[in-house]
Amino acid sequence: MVAGISLVATLGAAGLTAAPTASAAPQAAPAPGPLVRAISAPAADAPDVDVTKVQAHLTELNAIASRNGGTRKSSGQGYRDSVAYVKNKLQAAGYTVTEQPCTSGCATGAGPNLIAEWPQGDTAKVYMFGSHLDSVAAGPGINDNGSGSAALLETALTLAEHHPAMAARVRFGWWTDEEQGLNGSDFYVNSLSSAERTRIKAYYNFDMIASTNGGYFINHLTSAAAQPMKAYWDSLGLQPEENTEGAGRSDDYSFEQAGIPTSGYAMGASARKTAAQAAKWGGTANRAYDSCYHQSCDTTSNINSTGLNRSVDGIASTLWKLAVTDSTPANDFSLSASPAGGTVDPGTSATTTIATATTSGSAQTVQLSASGAPAGVTVSFSPGSVTSGNSSTMTVATAAGTAPGSYPLTVTGTGSVTHTATYTLTVRGTGSCSGQQLLTNGGFETGTSPWTGDTGAIGSHAGQSAHSGSRFAWLGGYGYSATDSIAQTVTVPAGCAKATLTYWLHIDTDETDRVAYDTFKVKAGSTTLTTLSNTDAASGYVQRTLDLTPYIGQRIALTFTATEDSGLQTSFVLDDAALQVN
């Protein structure tokens with residue numbers, strides 16, 4: 001939990017319904033205080049999450065800190081090793097896992113956010129569960145916040161193990177740089193489009209859920225979002241209270257500010273337990289909930305296993321009630337083509353990515369085909385069938401005698417159901433060249449497609465500004481060894497006399513030597529067209545021009561790559577790229 005003044009922000013959570021009384025009491029040694037009653041769990045309820053497995057994750061996080069100077073601070077190797085540990089577990093379990101570099105607003109050298117999504121359920125309805133993975137510099141951060149991070153990791157692994165039918169998507173987030181001011185979660189929320197924010201129906205935060213003298217606190221206790229969490233702790237007779245100490249001090253606040261309903265569990269930080277709370281929950285009155293808060297003694301010895309068990313089972317109960325369904329939904333998928341069209345000269349070809357996604361039920365095999373091709377045009381897929389959630393490359397090849405014109409092709413995906421997408425092929429006249437700009441979304445204003453690579457660099461980031469519009473690609477800027485690269489594949493049409501690539505680049509550096517420590521390269525295919533560096537830094541954007549005439553009649557991948565060494569940061573901020581032919 002980040003230190004600072006508490007900010008109270010209460011938002012409604014319309015659309016979430018109260019959950020019925022939750023399932024079985026956790027299996028753990030009782031904490032001081034009143035005994036809790038056991039409740040038999042219906043078969044459809046969440047499984048018990050094994051708290052010993054959560055504690056095993058905490059032991060590893062503690063060991064990681066010990067190997068890295070006793071800390072897992074966001075800018076250190078201890079944090080990056082923590083990310084790698086969590087990521088490897090999730091990938092092995094079948095999650096879609098993404099590292100999101102925090103390219104603005106975070107401390108210098110801060111590691112990435114880690115996002116994991118279970119690839120089943122309705123993509124229009126997402127429930128998100130998050131915790132910060134970093135510690136303060138003074139200690140290993142095992143309660144703050146290894147407890148929340150480990151509980152979410154084991155909840156995610158339990159979901160994968162049981163593999164239930166999903167009514168909604170479940171997404172997990174492990175945040176960087178929380179201890180420096182909620183910076184990682186702020187960056188994530190600000191990177192979401194309005195549509196992506198709307199899809200997140202509620203966010204649940206878990207920060208310090210195993211405090212040794214803790215209480216049982218819930219964020220926004222009376223909100224609709226909180227009801228599944230409250231129902232579980234109510235079923236244990238815990239009589240939870242509002243988390244006033246933590247209001248505005250953890251990552252849920254980033255989501256609240258964006259209008260997303262939030263809740264979460266906490267067991268308290270440096271505030272003192274009252275006599276009434278000690279009578280209700282046990283423990284010591286007039287003593288801090290966590291006497292090792294932000295100190296070197298926040299190790300695996302600073303964990304209340306009973307509280308941790310009650311918290312992780314409440315997390316699983318909430319997830320199951322919101323996102324799991326008793327009935328098996330029908331298997332269904334979506335189908336799309338990106339880009340949705342292409343222009344070629346006779347005798348050349350174009351490619352597009354045919355993407356599928358599982359929208360409900362389980363993944364299925366999708367057979368791909370195309371219709372509507374005119375004489376002289378052939379369409380092929382590699383591969384010819386995919387498991388929903390995967391992609392295929394569609395190649396549209398034209399013969400030298402293909403008649404000029406515009407041809408809508410229908411791409412069909414056939415599984416247990418059938419879906420179609422449209423791809424429009426435009427064939428120019430033989431030897432002709434219509435002057436045009438070939439790059440798509442060169443100003444980055446319409447999301448990330450069709451750019452590939454480290455597309456998390458694309459967005460509207462605090463700390464840098466666009467050349468025009470509001471979005472740009474911020475490559476580099478970390479201050480440690482890192483590489484960012486984005487690419488787009490284009491066909492430079494035959495019959496043209498000139499092809500010119502232009503782009504605007506702002507190079508901003510903390511390097512002071514006139515030595516090329518950090519570089520920016522532009523490539524066509526495997527050929528480097530130009531190399532710039534920190535020595536080319538300027539106070540604003542500079543337009544750069546490259547001659548691509550030698551590539552007329554070819555299909556090439558244009559790649560922009562920034563590479564930093566382990567020293568001071570250099571940011572290469574790219575905007576308004578264009579490839580003009582005439």
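These are my notebook entries on a predicted model, arranged by topic.

**Entry 1. Confidence**

I began with the confidence scores. The protein chain averages a pLDDT of 90, and 92% of the residues score at least 70. I then looked for a weak stretch and found that pLDDT stays under 50 over residues 5-43. For that stretch the model has 90 contacts beyond four places in sequence. Where pLDDT is low, the predicted coordinates should not be read in detail. I therefore set those contacts aside, given the pLDDT under 50.

**Entry 2. Helix α2**

I looked up helix α2, which runs over residues 77-93 and has 17 residues. From its first C-alpha to its last I noted 25 Å, close to the 24 Å expected at 1.5 Å a residue. Which residues of α2 are buried? I listed G78, Y79, S82, V83, Y85, V86, K87 and L90. An α-helix has 3.6 residues a turn, so residues three or four places apart point the same way. I noted that the list of buried residues includes Y79, S82, V86 and L90, and also a lysine, K87. The cover over the buried residues of α2 includes the helices α1 (51-66) and α3 (142-162). It also includes the strands β1 (96-100), β2 (113-118) and β4 (169-175). Just after α2, I recorded a positive phi of about 100° at G94.

**Entry 3. T176 and helix α4**

I moved to T176, in the loop between β4 and α4 (183-191). T176 counts as buried because its relative accessibility is 0%, which is under the 20% cut-off. Leaving out residues up to four places away in sequence, I found T176 touching S74, Y79, C102, C106, A110, G111, P112, N113, D134, N183, G184 and S185. Of these partners, Y79 is one of the buried residues of α2, and N183, G184 and S185 are among those buried in α4. The other buried residues I noted in α4 are F187, Y188 and V189. The buried residues of α4 pack against β1, β2, β3 (126-132), β4, α5 (194-199) and α7 (252-257).

**Entry 4. The second largest pocket**

I next examined the second largest pocket, which holds about 620 Å³ of space. Of the 29 residues lining this pocket, those closest to its centre are P339, T351, P450, T489 and R555. By class, I recorded 10 nonpolar, 17 polar and two charged residues in the lining. Which strand gives the most to the lining? It is β22, with five residues. At least two residues each come from β10 (341-344), β11 (349-360), β18 (436-437) and β22 (482-491).

**Entry 5. Cis peptide bonds**

I checked P450 further, since P450 is among the residues closest to the pocket centre. The peptide bond from S449 to P450 is cis, with omega near 0°. P450 sits in the loop between β18 and β19 (452-453). I also recorded a cis bond between D144 and N145, where omega is about 5°. N145 belongs to helix α3.

**Entry 6. Positive phi outside glycine**

I noted M208, which is not a glycine yet has a positive phi of about 70°. M208 lies in the loop between β5 (200-206) and β6 (217-218). With 0% relative accessibility, M208 counts as buried. D576, also not a glycine, has a positive phi of about 50°. I placed D576 in strand β28 (residues 570-581).

**Entry 7. T424 and L548**

I looked at T424 in strand β17 (residues 418-427). Is T424 buried or partly exposed? T424 is partly exposed, because its relative accessible area is 30%. Apart from neighbours within four places in sequence, I found T424 in contact with A340, G341, G342, S406, Y407 and P408. The C-alpha atoms of T424 and T356 are 19 Å apart, with their positions 68 residues apart along the chain.

I closed with L548, in the loop between β26 (542-547) and β27 (555-564). L548 counts as buried, with a relative accessibility of 0%. Beyond four places in sequence, the contacts of L548 are A499, T500, L501, L529, I556, L558 and L579. I also noted that L548 and A266 are 58 Å apart in space, C-alpha to C-alpha, and 282 residues apart in sequence.

Key. Residues are numbered from 1 along each chain as its sequence is written. This is a predicted model: local features need pLDDT of at least 70, side-chain atom pairs count only at pLDDT 80 or more; totals for chains, interfaces and linings use all residues. Side-chain values use heavy atoms; hydrogens and water are left out. On a 1 Å grid over the protein atoms alone, a cavity is a set of points where a 1.4 Å probe fits but cannot get out, and a pocket is an open set with protein on both sides within 12 Å along at least five of seven lines; lining residues have an atom within 4 Å of a point. Grid points are joined across faces, edges and corners, and a volume is the space filled by probe spheres set on the points. Helices (H or I, at least four residues) and strands (E, at least two) are DSSP runs, numbered from the N terminus. Ala, Val, Leu, Ile, Met, Phe, Trp, Tyr, Cys and Pro count as nonpolar, Asp, Glu, Lys and Arg as charged, and the others, Gly among them, as polar. The expected span of a helix is 1.5 Å times one less than its number of residues. Buried means under 20% relative accessible area, exposed over 50%, partly exposed in between (1.4 Å probe, protein chains only). Contact means heavy atoms within 4.5 Å. pLDDT is the predictor's confidence in each residue, from 0 to 100.
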